Amino acid sequence: GGGSLLCLSLSAARTHVSYEVKDNVAVVRINDPTSKVNTLSRHMQAEMVEVMNEIWGNAAVKSVVLISRKPGCFIAGADINMIQACKTAEEVTSLSQEGQKIFDQVEKSPIPIVAAINGSCLGGGLEFAIACQYRIATKSKKTILGTPEVMLGLLPGAGGTQRLPKMVGLPAAFDMMLTGKNIRPDKAKKMGLVHQLVDPLGPGLKSPEERTIEYLEEVAVDFAKGLAGKKVTVEKKKGLVQKIQDFVMGLPPVRKQIYKTVHSKVMKQSKGLYPAPLKIIECIQTGIEKGNAAGYLTESQNFGKLAMTSESRALIGLYHGQVTCKKNHFGKPERDVKKLAVLGAGLMGAGIAQVTIDKGVATILKDTTEEGLARGHQQVYKGLNDKTKKKSLTTFERDGIMSLLSGQLDYRDFENADMVIEAVFEDLSIKHKVVKEVEAVIPPHCIFATNTSALPIKDIAAASKRPEKVIGMHYFSPVDKMQLLEIITTNKTSKDTTASAVAVGLKQGKVIIVVGDGPGFYTTRCLAPMLAEAVRALQEGVGPKKLDSLTTGFGFPVGAATLADEVGIDVAAHVAEDLGKAFGTRFGGGNVEVLKMMVQKGFKGRKSGKGCYVYGAKSKEKKVNSGAEDILKSFKLTAPPAVSADEDIQYRLVSRFVNEAVLCLQEGILPDPVQGDIGAVFGLGFPPCLGGPFRFVDSHGADKLVQKMKRFEEAYGNQFTPCQLLLDHAKDSSKRFHK
Amino acid sequence: MSLSLIRTVLLTAFSFCSAARSLSTSVHLQAQGNVSGVMLTCEKWKMPIPFSQYNSKSKKTLAKPGVKNIVLVDGVRTPFLQSGTTYADLMPHDLARAALQGLLNRTGLPKDAVDYIVYGTVIQEVKTSNVAREAALGAGFSDKTPAHTVTMACISSNQAMTTAVGLIAAGQCDAVVAGGVEFMSDVPIRHSRKMRKTMLSLNKAKTLGARLSLLGSIRLAHLSPELPAVAEFSTAETMGHSADRLAAAFGVSRLEQDEFALRSHTLAKKAQDGGMLSDVISFKVPGRDIVSKDNGIRPATMEQLAKLKPAFIKPHGTVTAANSSFLTDGASAVLIMSEEKALAMGYKPKAYLRDFVYVSQDPKDQLLLGPTYATPKVLEKSGLTLNDIDVFEFHEAFAGQIMANLKAMESDWFAQTYMGRKTKVGAPPMEKFNTWGGSLSLGHPFAATGCRLVTTVAHRLQKEGGQYGLVAACAAGGQGHAMVIEAYPQ
């Protein structure tokens, strides 16, 4: 009534937060007009405080509903730029304390506040929601709750580390905050993170999205009234399991054991390279063992400290880079790809088909043999069926998706294909044969993409009548898990062809880098020298296990020996030989014959059951392949003691990788350092905590890296000669790849 | 009496009106040996009104050149009972047989005059998977009359009727009995898949050891049975849940739903008390009493309805047990013939069955919107508008579903955005809509409802003097149906 008139006049100047009073319920609506998502920016916070103070000052208001007007987003988190703009830890700490203060007021609100959640409710958004008295979430696929701060090297800094353990219990809180994983609405209800769920609506008298938000608001208003009238209670009756868990958690020795276990688990997984998880444990522990005041203080201080770490900067850099690489910078293609054809139903081909059909694009999967086709078909089916087991897909959705896949042995229907991606054997003459065969059947507009990991695209395009339609699309195995797609353009590739390839990749959910043509393009070219160095280290007597622990200890998710097995020893041999021919002794190091001999003996890596390791046995401990060890012994090299300390081996591996990356930028293969970092991290597993080779050079110091390389150069020669661009950066410390 | 002879006789009857009387009478005499039946048809035949002359109202007939006129001769149904009541110990074919026998009694139809029988059912009793055949044999139809069973969820008997229409229109049959049965007092509850697998393997196990090892593999969890649910297989959502979401999508309030439910029960009670539900036959249930009335009609007060808690979406949903149709046992049957055949056999048909359509849409979010999609389509086919319709009979699955459909039909935005139409079709006026109650109050034996709707339209047209009626229904799977019915000249 009268209240709503008053607020209308006052809220006229506000742009992000508005409210109206309906039946004594203040409905607060948030909507950042400048962005697709709501973030807790300074502006948003200021308006929110203003609005809440008005509401608390209005005696007619008995309860509050907090809701976003954006269809896919409640609040996506704090404003990262706001944190990045801070120069000192103290500044960030005070940001955290401001947030803590606001949410403390929300928690102590004299009238109940209902958070009505539709879409992403992450980070600061979740911290806001859990400070409210009641939470209602839609069951929309877009609704996710979580604390992803750890993935940015941060922690929930607005009370999250203190409230979550009390709400969902210690184990679940650790799980949420240490993994940063998204929690779906059903799970959130079970965990006690939300009180009620609302079903998303279909078509009605308004669009489903619009009406679903309205409906959520109606339901939330009803609950707000119920809470105000004490007809709805917040406290849920605890089940027996919950009671027992609470009792157990009440015992200090039990808690102590939990802290210890979690700590050692984190150390094992992060190798101590990531400070955020440890700080999170500290915050939770302090809050529970020493009380609220100490807990909140530790949270804000740790938040400040973390924001200043190179790890957090690296991770935030990757976040921004990922956002950039999820956009099409080549404009809208003239035609949408509505039908894709994949040649070769191997691991790659089937993987590409899977990520295409599950986005609703009809796909032909062609192979030359029935067995190959059946294997590929089964791979796609299994990939989708595994999703039904995880309940992210219904069996019906799976069947509908599978209906888009046409497995065949001939070129039927290729006349309707808009794009062909070939994933046949890596042999130039076979590729040429395929280009000619395909071009005889496809329509003029159809793009021919080649999924090669090392052959120059222009060499493949040499067989084409229409080289402007030829492009490289380098996927990473397993295609449905690896996020990166490296697109390679030749100087003849048209812009529209590139735009189309990027559009397809984005549809497939890929993070995309677009690089120039050349042997090994960008990613393979960086990996090859590192693997050559790894082989040398193996020849020098560093065992596969030791090599793995040295690389993972540096932050690579997969050790170098294991990586070689995963990639395939045959592929590695092939690439090493090809790139060795192209780049000469600079790509030397380990002897290619080691790899060839292993292939000869059938040690092709994981796929053949044996590589550096033996696979197949179900024992936890991976066994080193003694056959491979014998080969290494026969190629034994003497390790020069001056450059063979553990750290030396790590830097020998990494510096060759990094130097090659910088050289790619210098030569124009790479358009910019951002794509270089994204490609290295998402495609090759370069340590995320270092943010990619370019950010690593910035943070480590180019001069220091060059010094190390010179030392290695003395022992091994030109494989460690720093490239000009790296030398330039070493000379002038003001030169940085990232501002 | 062979069919071909009847057909020949019929043709003669048509060209020579006066001669037809004696001929058709003789046919009946021979075929039925039922004197009263003959007398009756003879009586009727005394006032032949050739349909070409029919023009008492300004509206045109929907007869189309080159298309056979197909008529509803009559329709009956067993009383619709809440499941678990008087029919509890029967089997589906028992109910179906009762409806078929009722139709025979009502029409005096010679059993061997029927060319074909089509029956609908939704939840199949595995022992009588072709329930049409089992019921027909038991009802004393000739064992030379083929019968098949159709299933299309809540529009199964609509499908049975239109199958009959198709058979007649194609010239393959002249007289077809269609119907539907649903028996919810007993439903097939299966062993779990794992248990079934073990049991099937047990049959094949040759040695005692093999059998014992199979028996040993049975776990407690394997013993938990599989219950059938009124849920979509494709989405796993129960229909009530979908109805609640549909109501919310169209902003249908709990009050509106309760009011509509009350209206349905009130009108049904009035119709029952006023003797309007003449399609209901009495049925002596073996071992029990004679049943002659539907038992789910319960007019309550708004206060009583408001007290109920939501049945599907808890705690904030709006669909309750009282504003939903209830689980029902029942069967229905209709006699459909070509007009020539009906007249030749001395019948006075009740209505013409004209254009019909089937539609389907998204089974998740538009599961129950069949009437909205089907209505404009069938009207267009018939060249009619909503205003031309005198009698509406829509299947009431849920009050919320009806209200949502009415709102959708009244919305230009919905018509344009989801149906690809320029304008809305409009909502039926309530004074013409389900005025003798509906599925909410009379009951809803899934596969029997379609025939009830069509028979009710025919009866209401006769009673109210209207010319056109419209039947519309939604069904699981996101399907729907509508049919235009024209009164037979009285």
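Where in chain B does B:Asn434 lie? B:Asn434 sits in the loop between helix H15 (412-418) and helix H16 (439-442) of chain B. Helices (H or I, at least four residues) and strands (E, at least two) are DSSP runs, numbered from the N terminus.

This is a predicted model: local features need pLDDT of at least 70, side-chain atom pairs count only at pLDDT 80 or more, and totals for chains, interfaces and linings use all residues. Residues are numbered from 1 along each chain as its sequence is written, chains are lettered from A and ligands numbered from 1 in the order in which they are written, and side-chain values use heavy atoms, leaving out hydrogens and water.

**Backbone details**

Most residues other than glycine have a negative phi, and most peptide bonds are trans. B:Asn434 is not a glycine, yet has a positive phi of about 45°. B:Asn434 is buried, at a relative accessible area of 0%. Buried means under 20% relative accessible area, exposed over 50%, and partly exposed in between (1.4 Å probe, protein chains only).

A:Asp23 also has a positive phi, about 50°, and is not a glycine. Its place is the loop between strand E1 (17-22) and strand E2 (25-30) of chain A. Is A:Asp23 buried or exposed? A:Asp23 counts as exposed because its relative accessibility is 58%.

Cis peptide bonds come next. One joins A:Ser477 and A:Pro478, with omega about -5°. A:Pro478 is in the loop between E15 and strand E16 (484-489) of chain A. Another runs from B:Lys314 to B:Pro315, with omega near 0°. B:Pro315 falls in the loop between helix H11 (302-307) and strand E8 (328-338) of chain B.

**A strand residue in chain A**

A:Val470 belongs to strand E15 (residues 470-475) of chain A. A:Val470 counts as buried because its relative accessibility is 1%. Leaving aside residues up to four places away in sequence, A:Val470 touches A:Phe448, A:Ile457, A:Ala461, A:Ser464 and A:Thr493. Contact means heavy atoms within 4.5 Å. A:Phe303 is 167 residues from A:Val470 along the chain, and their C-alpha atoms are separated by 49 Å.

**Cysteines**

How many disulfides does the structure hold? Over all chains there are zero; a disulfide is a pair of cysteine sulfur atoms within 2.5 Å. B:Cys154 is in none, and the nearest cysteine sulfur, that of B:Cys474, is 6.4 Å away. B:Cys154 is buried at 7% relative accessibility. A:Cys446 is buried too, at 0% relative accessible area.

**The chains**

| Chain | Helices and strands | Buried share | Accessible surface |
|---|---|---|---|
| Chain A | 31 helices, 19 strands | 57% of 739 residues | about 31,600 Å², 56% from carbon and sulfur atoms |
| Chain B | 17 helices, 12 strands | 56% of 490 residues | about 20,100 Å², 57% from carbon and sulfur atoms |

Accessible areas come from the Shrake-Rupley method with a 1.4 Å probe; for residues, only the protein chains shown count as cover.

Chain A has a radius of gyration of 28 Å, which agrees with the value near 27 Å for a compact globule of 739 residues. The radius is taken over C-alpha atoms, and the globule rule is 2.2 Å times the number of residues to the power 0.38. The C-alpha trace of chain A spans about 85 × 60 × 55 Å along its principal axes.

In chain A, 73% of the contacts with a separation of 6 or more involve residues 24 or more positions apart. For chain B, 80% of contacts between residues at least 6 apart in sequence join residues at least 24 apart.
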